[in-house]
Amino acid sequence: MRVLSAGIILLAWTSASADAAEIRVGYLRHWEPKLALSLIQIPAANDGLAGAQLAINDNNTTGKFLNQEFSLEDRRLAEADDAAAAGIALAERDSSLVIADLPADALLKAADAGAPRGLLFFNVGAIDDRLREEDCRANVIHTAPTRSMLADGLAQYLVWKQWRRWLLIVGSHAEDRLYADALRRAAKRFGARIVQEKVFEDTGGARRTDSGVVQIQRQLPVFTQVGAAYDVLVAADENEVFAAYLPYRTWDARPVAGSAGLVPTSWDPSHDQWGAVQLQDRFVKMFSRRMSARDMQAWSAVRMIGESTSRTGSADPKVMLEFLKGPEFALAAFKGQRLTLRDWNLQLRQPILLTDGRMIVSVSPQEGFLHQVSELDTLGFDRPESKCKLK
Amino acid sequence: MWRATLLGTGLFILLGTQAGAVIAYISNEKSNTISVIDVDKLALVKTIKVGQRPRGIELTKDGKFILVAVGDDDTIQMIDTNTHEIVATLPSGPDPELFTQDPTGKILYVANENDNTVTIIDMEKRVPLGEVQVGVEPEGMGISPDGKILVNTSETTNMAHFIDTETRQIVANVLVDSRPRFAEFKRDGSELWVSSEVGGTVSVIDPVKHQVTKKITFDIAGLRKEAIQAVGISITRDGKTGFVALGPANRVAVINGATHEVQKYLLVGQRVWHMAFTPDEKLLLTTNGVSNDVSIIDVASLKVVKTIQVGELPWGVAISRQ
């Protein structure tokens with residue numbers, strides 16, 4: 001088998017050559033078992049990876065007509081493992097394309113170590129805005145949406161619904177504060193008002209006990225008894241500490257949004273519009289579980305690799321990056337419109353789904369939120385306000 | 001679709017009878033019905049209850065049956081055009097969406113979206129004859145006028161697969177823009193047009209050389225590129241004019257068949273899917289998925305002359321003279 005790595009351009013694929021060109025994709029992930037307040041929301045051990053594997057299959061169905069073969073190598077890191085070394089190890093085995101599901105700092109380390117070797121990374125996990133802004137990298141493409149994109153997608157709907165007065169409850173972790181920043185920014189941009197803020201301290205303790213919800217049912221109404229009149233409670237809780245307990249337990253009868261209730265996301269198992277059922281069915285058939293947002297983000301990344309390789313006939317990361325940034329690239333990802341790349345910070349433009357956990361309630365951008373380039377650029381930081389300088 | 005159109009004229013000549021009413025059948029994806037429109041009166045005359053999620057719709061070559069793919073029931077239903085009763089179901093394979101008949105009307109080719117296959121059905125015996133493995137999410141189906149080449153488009157693989165109907169082997173694959181949804185040959189077989197929904201283009205393909213010779217793009221003032229999504233294609237018998245439904249752009253593009261330039265955009269209902277000509281090609285009907293109606297286009301003047309309310313989420317349309 002001919003290995004297709006940096007610099008090798010595929011020849012005419014219509015020829016009946018016996019050797020298929022092999023495109024090796026690495027998958028770097030930092031995975032540890034995670035807890036969730038809801039039993040059904042505990043991430044699977046192959047969360048994300050499964051999406052990439054399905055996309056490898058999809059790419060290979062196309063690849064068999066083009067004489068291209070895709071493969072995936074999974075590298076699971078423990079907390080202490082060096083992401084930079086793992087990335088370099090992948091490069092040495094001819095995987096110059098890396099799907100990364102890593103925390104922000106580990107991703108930056110791996111990207112910087114991989115840059116001299118020509119590695120191209122696809123961030124499928126980290127939603128930090130800084131990775132697309134002040135800490136952006138010219139060799140990191142992002143298929144995961146940012147906190148600001150998620151917050152804007154939610155805010156547009158809440159404003160459309162005329163729920164303009166928000167009670168914001170923020171967790172005590174650093175990620176919660178970042179999400180709260182994004183929500184405050186979204187409120188200001190789209191004309192909502194945060195009438196009061198509260199912090200929910202994480203005082204530790206188990207997420208689930210045999211005593212059940214007795215105490216929660218007493219504590220949450222009291223905690224949400226606030227003076228201000230509000231339309232919707234917006235929660236920022238990325239660590240599964242309290243948000244899932246809020247719906248139906250607020251002092252006032254008000255809807256909940258953000259980290260529970262109406263949740264903005266890149267994908268949901270209930271999404272069935274625009275042909276999505278076909279992808280959902282393929283996924284369930286292969287993995288016997290439902291497809292998560294992380295699975296979708298990884299699927300999109302591997303499909304971007306497939307799109308680029310089939311269109312350019314090359315798996316050279318430089319050729320790929322130019323193609324993906326260019327006007328010819330369009331990803332079909334079951335969201336009703338083409339997904340493209342923001343060429344100033346390599347973020348994938350995408351609609352944001354709003355799910356209540358059972359159904360898709362709406363999809364943002366909402367009608368009437370206009371933009372001179374792409375309505376998808378009403379979500380997240382736009383070109384004129386970007387702090388990113390790609391080198 | 002010219003297939004339905006041909007059938008109408010063919011019947012008329014063959015039987016030599018008095019011309020009956022021109023009838024349009026609209027599949028309504030959400031309401032699980034077919035709306036029956038008397039095109040001479042431009043009025044809805046009947047609604048037929050069918051299976052779940054009806055989309056692809058055609059008439060058999062003898063004009064006796066409506067064929068409608070009911071995807072969520074994993075079958076194609078045959079409906080008697082006289083009685084409007086469902087008389088049979090065809091072994092279409094899972095989740096059928098679009099299908100096409102060979103010119104003799106003896107064989108039906110069905111795209112199975114969930115299975116990466118095209119199913120071949122014997123229409124007389126109503127049994128499957130075989131399958132062809134194609135790309136991911138097969139959708140559009142077109143057949144060359146001589147019946148020798150079947151074209152299937154696959155939505156995630158982004159290809160038009162050329163299948164030899166005799167050997168049932170893929171003989172060529174042509175890469176087109178993202179999410180190809182519909183394939184239509186010109187009547188003289190000189191060109192194949194394939195629409196790409198996400199790419200927002202129509203690829204004109206040389207069916208002999210298997211090459212894209214021209215890519216038709218659409219530019220509508222005031223509309224974002226994302227809203228322009230090419231879906232249904234109808235080409236006049238003389239090949240001089242093509243119509244392309246542009247989905248959420250709510251417009252049908254009129255294309256010069258010789259130069260492939262866009263001549264005009266016609267504003268129709270919301271999310272326009274598919275189209276079909278009346279047998280005399282004087283009118284073109286479009287299904288408008290979101291506004292639950294059908295627009296009637298006068299082909300000579302290129303004007304939308306009427307809108308008719310149908311069921312929920314109208315998707316496909318087939319027309320014949322009864």
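Start by selecting P365(A), which sits in the segment after strand 15 (360-364) of chain A. This is a predicted model. Look at the bond on the N-terminal side of this proline: the peptide bond joining S364(A) and P365(A) is cis, with omega about 10°. Most peptide bonds are trans.

Before moving on, colour chain A by pLDDT. The average for chain A is 91, and 93% of the residues score at least 70. Residues 1-17 of chain A are another matter, with pLDDT below 50. In the model this stretch has 30 contacts beyond near neighbours in sequence.

Next, select D94(A). D94(A) belongs to the loop between helix 2 (83-92) and strand 4 (97-101) of chain A. Its phi is near 70°, a positive value in a residue other than glycine. Most residues other than glycine have a negative phi. Is D94(A) buried, exposed or partly exposed? D94(A) has 17 other C-beta atoms within 10 Å, so it counts as partly exposed.

Now go to S259(A), in the loop between strand 10 (256-258) and strand 11 (263-265) of chain A. S259(A) is buried because 25 other C-beta atoms lie within 10 Å, and the cut-off for buried is 20 or more. Which residues does S259(A) contact, leaving aside its neighbours within four places in sequence? They are A235(A), A236(A), D237(A), E238(A) and A243(A). Add A244(A) to the selection as well: A244(A) is 15 residues from S259(A) along the chain, and their C-alpha atoms are separated by 7.4 Å.

Show chain B together with chain A and turn to where the two touch. Here 14 residues of chain A are in contact with 19 residues of chain B. On the chain A side, helix 1 (49-66) and helix 7 (276-287) each supply at least two residues. Helix 1 of chain A gives the most, with four residues. Coloured by residue type, the side of chain A that touches chain B divides into three nonpolar, seven polar and four charged residues.

Moving into chain B, select R53(B), in the loop between strand 3 (43-49) and strand 4 (54-59). R53(B) has a phi near 60°, again positive in a residue other than glycine. Is R53(B) buried or exposed? It counts as buried, because 20 C-beta neighbours lie inside 10 Å.

Select strands 20, 21, 22 and 23 of chain B next. The four strands form an open sheet in that order, with antiparallel pairing. Strand 20 (233-235) and strand 23 (262-267) of chain B stand at the edges; each has a single partner strand, so one side of each is left without a neighbour in the sheet. From one strand to the next the twist averages 20°. Within this sheet, zoom in on strand 21 (residues 241-245) and strand 22 (residues 251-256) of chain B, which pair in the antiparallel sense over five bridges. To follow the register, pick T241(B), which stands opposite N256(B) in strand 22 of chain B.

The last stop is strand 26 (residues 293-298) and strand 27 (residues 303-309) of chain B, which run antiparallel and are joined by six bridges. One bridge to pick out is that of I297(B), whose partner in strand 27 of chain B is V304(B). The two strands form a hairpin with four residues between them. Finish on L302(B) in the turn, where phi is positive, at about 50°.

Notes: Residues numbered from 1 in each chain as written. Chains lettered and ligands numbered in written order. Predicted model: local features only at pLDDT ≥ 70, side-chain atom pairs only at ≥ 80, totals over all residues. Buried ≥ 20, exposed ≤ 12 C-beta atoms within 10 Å, placed from the backbone. Contact = placed C-beta atoms within 7 Å. pLDDT = per-residue confidence, 0-100. Nonpolar A, V, L, I, M, F, W, Y, C, P; charged D, E, K, R; others polar. Pairing = 2+ DSSP bridges. Axes fitted to C-alpha atoms, helices over the stretch in contact; angles between N-to-C directions.
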